[in-house]
Amino acid sequence: MTLTETFAEPVALPATPPTTTAPPAVVGRVEPAPWRDYLTLTKPRIMSLLVLTAVCAMVAAAGGHPGALALLALTVGGGLACGAAGAFNHVLDRDIDRVMGPRTATRPVAAGRISPRRAVLFGVALGVASFLVLTAFTNLLAAALALAGGGYYVVVYTVWLKRSTTQNIVIGGAAGAMPALSGWAAAHGQLGLGAWLLFAIVLVWTPPHFWALALLLKRQYSAADIPMLPVVKGAQATVRQVLVYTVLLLAVSLTPVLTGTFGLVYAAAAVLLGATFVWLAGRLWRRCTPAAAAIVFHYSLLYLALLFVAAAVDATVR
């Protein structure tokens, strides 16, 4: 296997090396930040994918016909829960954001445009609003699971795992899988086999997704002393694990077909999407370059979105 152990700067990211000098401390009163900064606190790109998984899970659980008001509440309430977790993450990670280069150093809390106190209050407000919306228009279980996912992301992953172990993503992946449970619960107020199968898919999907990104950001994670797998074990060990997990993901994604949870539409999507993912991971293993890692990372996002949409479509047409 031909492997580039030392990566160049990530594709589509600024070429300047990460700075190890924190920006000047903000003195005195922090002026009100523009609304775009508060939107940034919610991590809208991550939020959109998590909300999509929740919505598709609800549609699948409801046999393709969820209540319109409940579906809207899940979209809004789930987004608020994700946004709350994102805001707390900005506060807790502000120190490492400042040393991971321009991409993160300009984030609102790290750059001093929003004070940690305001970011925390914003996160609390979003969390409370999420719980109220989901409890009022879906059910208590869906609301509790949504907040549990955010709490797991903040406390277990951000505070504990991220800075302590190379397996941070493997264990922390449960946070990203919680919206699938919340979405399923929003349909009927209970969890079934399908909910746990979708949870397992996201759980196994998370490591190859984030490790592909970590290959691109190896220098930045190293500068921040974050023990991501490429930093500690190197690129060769990382791409091997990416391939192993994509093969495992293909197998796990077919389990709902074997159990009869989903049918032919989902099966076709799982085989096609999963085989493509394995092929891209295999190509990354054979020749590890930033471009190949970027393709795996971006495809992983498309993979999860399309697989969950296929689950929702399958439930609708069966």
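## A tour from α14 outwards

Select Leu198, Ile201, Val202, Trp205, His209, Ala212, Leu213, Leu215 and Leu216 in α9, and then add Pro290, Ala293, Ala294, Val296, Phe297, Ser300, Leu301, Tyr303, Leu304, Leu307 and Phe308 in α14, because these are the residues through which the two helices meet, a contact being heavy atoms within 4.5 Å. Sorted by class, this contact of α9 with α14 has 18 nonpolar residues, 2 polar ones and no charged ones (nonpolar: Ala, Val, Leu, Ile, Met, Phe, Trp, Tyr, Cys and Pro; charged: Asp, Glu, Lys and Arg; polar: the others, Gly among them).

The model is a predicted one, in which local features need pLDDT of at least 70 and side-chain atom pairs count only at pLDDT 80 or more, while totals for chains, interfaces and linings use all residues. Residues are numbered from 1 along each chain as its sequence is written, and side-chain values use heavy atoms, with hydrogens and water left out.

**The whole chain**

Zooming out, the protein chain comes to 14 helices and 2 strands (DSSP runs numbered from the N terminus: H or I of at least four residues for helices, E of at least two for strands). Of its 318 residues, 53% are buried (under 20% relative accessible area with a 1.4 Å probe, protein chains only; exposed is over 50%, partly exposed in between). Among contacts in the protein chain between residues at least 6 apart in sequence, 75% join residues at least 24 apart.

**α9 and α14**

Return to α9 (residues 193-216) and α14 (residues 290-317) and show them as ribbons: they pack at an angle of about 160°, with their axes 8 Å apart (axes are lines fitted to C-alpha atoms, for helices over the stretch in contact, and angles run from 0 to 180 degrees between N-to-C directions). That angle makes α9 roughly antiparallel to α14 (over 145 degrees; under 35 is roughly parallel, 65 to 115 roughly perpendicular, the rest oblique). Their crossing is left-handed (the near helix is turned anticlockwise from the far one by less than a right angle; clockwise is right-handed).

**α2 and α14**

Keep α14 in view and add α2 (residues 44-61), whose axis comes within 8 Å of the axis of α14 and crosses it at roughly 20°. In this pair, therefore, α2 is roughly parallel to α14, and the crossing of α2 past α14 is left-handed. To display the contact, select Leu49, Leu52, Thr53, Cys56, Val59 and Ala60 of α2 together with Leu301, Leu304, Ala305, Phe308, Val309, Ala311, Ala312, Ala315 and Thr316 of α14. The residues of this contact divide into 13 nonpolar, 2 polar and no charged. In α14, Leu301, Leu304 and Phe308 meet α9, and Leu301, Leu304 and Phe308 also take part in the contact with α2.

Just before α2, pick Lys43, which lies in the loop between α1 (35-41) and α2. Its phi is near 50°, a positive value in a residue other than glycine, and at 15% relative accessibility Lys43 counts as buried.

**α6, α7 and the loop between them**

Next select α6 and α7, whose axes come within 7 Å and cross at roughly 155°; the two helices are therefore roughly antiparallel to each other, and α6 passes α7 in a right-handed crossing. Gly127, Ser130, Phe131, Leu134 and Thr135 of α6 make the contact with Leu140, Ala142, Ala143, Ala144, Ala146 and Leu147 of α7, and by class there are 8 nonpolar, 3 polar and no charged residues in it.

In the loop between α6 (116-137) and α7 (140-161), pick Thr138, a buried residue with a relative accessible area of 18%. The side chain of Thr138 reaches the backbone oxygen of Leu134 at 2.3 Å. Not counting residues up to four places away in sequence, Thr138 touches Ala70, Ala73, Leu74, Val133 and Ala186.

**Two aspartates**

Move to Asp97 in helix α4 (residues 94-97), which at 3% relative accessibility counts as buried. A polar contact of 3.0 Å joins the side chains of Asp97 and Arg107 (a pair of N or O atoms within 3.5 Å; within protein, one able to donate a hydrogen and the other to accept it, with sequence-adjacent residues counting only if both atoms are side-chain atoms). Leaving aside neighbours within four places in sequence, Asp97 is in contact with His90, Thr104, Ala105, Arg107 and Ala110.

Finish at Asp225, in the loop between α10 (218-223) and α11 (229-233), which at 65% relative accessibility counts as exposed. Asp225 has a positive phi of about 60° although it is not a glycine. Most residues other than glycine have a negative phi.
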